[in-house]
Amino acid sequence: MLILTTPTIEGKKIIEYYGLVTGDSLLGASMYKDMFSGVRDVVGGRTSKYEEELTSARNMALKSMEEKAEKKGANAIIGTRVAYHNLGGTMGNTIMVTIFGTAVSYQE
Amino acid sequence: MLASRKNFLIENRWAITAVILGFLVGFTSAVICVVFQLIIFGFNIMYILSPLSAGVVETVIARRKYGKSTGAISALLTFIVINIYGWFFPGWFYPKGPVTLSFITLIAIGLTIDAAFPIFTRYVLKVVVVGSFIRFISFLLNLPSIILGNPPVVEGGEIIIGQPSDEIYLDGLTMPLVSVPHVDGGEIKKYVGLVIGEAIVEEKKSGGRFSNLLKTIQPKKLDDMNLGEARRLAISRMLDNAKSMGANTVLEVLINYVSVGGLQGNAFIVSASGTAVIYE
């Protein structure tokens, strides 16, 4: 599956548009997790647990978008956009990752 | 001037009515409590009952007629009035003993402060209390090494790891990064796919709890964040992804900033996304 952010595929012809496909996932870092990563920082080992989890949440969203596009019979997604939203209110610990694009099929 | 004031009164007539009615209900209940000496656990129940009933009446009327809550102004007014009466003029209206500081007064004061300044109390509960708890735990964890005489090395607050990519690194690329989908004068050999890079930057923690409390009401300074470094890190991670997939450049690079963290301290997610291609 070809996933692009560009609106066209240069040198290839798009034969059919299947419409919008989306994928999203939530990343809820609990207070305890924060606490223990803080503890780990103190004990010595530097951690970027949050960044790792962010990457895995993004990959999950990407995968669910890809599955939807495959179900529609597309072989590429164009005009893809990635957005991160903060859902946590005053605690601010929940992050939503959304990915959306247009499922198309192009001539190989 | 007069017309605008009149308009304001007409628009907010239900809010004002709700506040006045709530205050009247609270005041009446306080008077009843004083007259009949409704005392439980050696404590007049008006200190809890009157602000509560005032707040309930006000909120119900405001929700029904005004459409939204007015923020329990009458509860605060009632609380102030009966406390002035209880602390400074005991026995003026009806003979009774003065207010003494007890567990119940403390709870009542806490509840009223929470109704008046919700963000402040939430900051105290969720940030100051939790933060003190975390400090206590880390102190306990560090205790053995302090006793043994070699305190652990605590590194700075920034979570920035990996190779630093600076402007020189970006200038050294054979093909510049562009934020447009098409570049004239060349040919895209092959599309490789979507590449993303992320970095999290935390606000520099400086000073104690008090200055952090002040920061919640002060405007932010750009110097407090290491945003440039985080942006370079996000771009370099994206480029690393692209290189590992066999591409030689990235088209249509977009950079996004999202604020996370709420009251517990500020952090930013910086993300860079683009389309990796083989370009000639």
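Helices (H or I, at least four residues) and strands (E, at least two) are DSSP runs, numbered from the N terminus. This is a predicted model, in which local features need pLDDT of at least 70 and side-chain atom pairs count only at pLDDT 80 or more, while totals for chains, interfaces and linings use all residues. Residues are numbered from 1 along each chain as its sequence is written, and chains are lettered from A and ligands numbered from 1 in the order in which they are written.

**Exercise 1. Describe the make-up of chain A.**

Step 1: start with the elements. Chain A has two helices and four strands, and along the sequence they follow the pattern β-β-α-α-β-β.

Step 2: look at the strand pairs, where pairing requires that DSSP finds at least two bridges between the strands. β2(A) and β4(A) run antiparallel and are joined by 13 bridges; within β4(A), A:Ser105 is the residue opposite A:Glu16. β3(A) also pairs with β4(A) in the antiparallel sense, over nine bridges, and A:Tyr84 stands opposite A:Val97.

Step 3: turn to burial. A residue is buried if 20 or more other C-beta atoms lie within 10 Å of its own, exposed if 12 or fewer, and partly exposed in between, with C-beta atoms placed from the backbone. Of the 108 residues in chain A, 25% are buried.

**Exercise 2. Work out the sheet order in chain B and place helix α9 against the sheet.**

Step 1: list the elements. Chain B contains nine helices and five strands.

Step 2: order the strands. Three of them form an open sheet in the order β3-β5-β4 (chain B), with antiparallel pairing. The edges are β3 (188-202) and β4 (249-260) of chain B, each pairing on one side only. From one strand to the next the twist averages 10°.

Step 3: examine one pair. Between β3(B) and β5 (residues 267-279) of chain B there are 13 bridges, and B:Lys190 has B:Ile278 as its bridge partner in β5(B).

Step 4: add the helix. Helix α9 (residues 227-244) of chain B lies across β3, β4 and β5 of chain B, at about 145° to β3(B). Here axes are lines fitted to C-alpha atoms, for helices over the stretch in contact, and angles run from 0 to 180 degrees between N-to-C directions.

**Exercise 3. Is B:Leu227 buried or partly exposed, and which residues does B:Leu227 touch?**

Step 1: locate the residue. B:Leu227 belongs to helix α9 of chain B.

Step 2: apply the count. B:Leu227 is partly exposed because 15 other C-beta atoms lie within 10 Å.

Step 3: find the contacts, meaning residues whose C-beta atoms, placed from the backbone, lie within 7 Å. Not counting residues up to four places away in sequence, B:Leu227 touches B:Val201 and B:Phe268. The C-alpha atoms of B:Leu227 and B:Glu202 are 9.1 Å apart, though 25 residues separate the two along the chain.

**Exercise 4. Trace the largest nonpolar core.**

Step 1: fix the term. A nonpolar core is a set of buried Ala, Val, Leu, Ile, Met, Phe, Trp, Tyr and Cys residues joined through C-beta atoms within 7 Å.

Step 2: find its centre of contacts. The largest core has 49 residues, and A:Ile77, B:Ala234, B:Met238, B:Ala242 and B:Val250 touch the most other members.

Step 3: see who contributes. Elements supplying at least two residues each include α2 (49-72) of chain A and α9 of chain B. The largest share, nine residues, comes from β3(B).

Step 4: follow one member. Beyond neighbours within four places in sequence, the contacts of B:Ala234 include B:Gly197, B:Ala199 and B:Val270.

Conventions:
Two residues are in contact if their C-beta atoms, placed from the backbone, lie within 7 Å.
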